[in-house]
Amino acid sequence: MCTPSERPPSIEAYPDGPFIIRGTVEVVDESGNRIVTRRATSALCRCGASAIKPWCDGTHKIVGFRG
């Protein structure tokens, strides 16, 4: 069995919500800078309204995001 740091990465788009990333992945911003994450599971904003981009803060519920 794999530990979280060895888990093959997966990305799942939650209905009307964020992208959920599981496993070890490298997140890079639009300028090519690496964004460090220390979690085995992360949520990336998909609606564009999060105050903590690129991470999801739940704002998609308030703005009525459908995706």
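Which residue lies over the face of Phe-19? In this predicted model, that place is taken by Arg-46, at 5.3 Å from the ring centre of Phe-19. As for contacts between rings, the count of aromatic pairs in the structure is 0.

The strands offer a good place to continue. An open sheet is built from 3 strands, arranged in the order β1-β2-β5, and their pairing is antiparallel. Its edges are formed by β1, spanning 10-13, and by β5, spanning 41-44, each of which pairs on one side only. From one strand to the next, the twist averages 20 degrees. In general, strands of a sheet pair through backbone hydrogen bonds, in either a parallel or an antiparallel sense. Here, β1 meets β2, which covers residues 19-22, in the antiparallel sense, and 4 bridges join the two. To pick out one pairing by eye, Ser-10 can be followed to its bridge partner in β2, Arg-22.

The cysteines deserve a look as well. A disulfide is a covalent bond between the sulfur atoms of two cysteines, and the structure holds 0 of them. Cys-45 is in no disulfide, and the nearest cysteine sulfur to that of Cys-45 belongs to Cys-47, 3.9 Å away. Because a disulfide calls for two cysteine sulfur atoms within 2.5 Å, the 3.9 Å between Cys-45 and Cys-47 does not count as one. Cys-56 is likewise in no disulfide; for this residue the nearest cysteine sulfur is that of Cys-45, at 6.2 Å.

How values were computed:
Residues numbered from 1 in each chain as written. Predicted model: local features only at pLDDT ≥ 70, side-chain atom pairs only at ≥ 80, totals over all residues. Heavy atoms only, no water. Phe/Tyr/Trp six-rings, centres within 6.5 Å; stacked < 30°, edge-to-face > 60°. Lys NZ or Arg CZ within 6 Å of the ring centre and 35° of its normal. Pairing = 2+ DSSP bridges. Axes fitted to C-alpha atoms, helices over the stretch in contact; angles between N-to-C directions.
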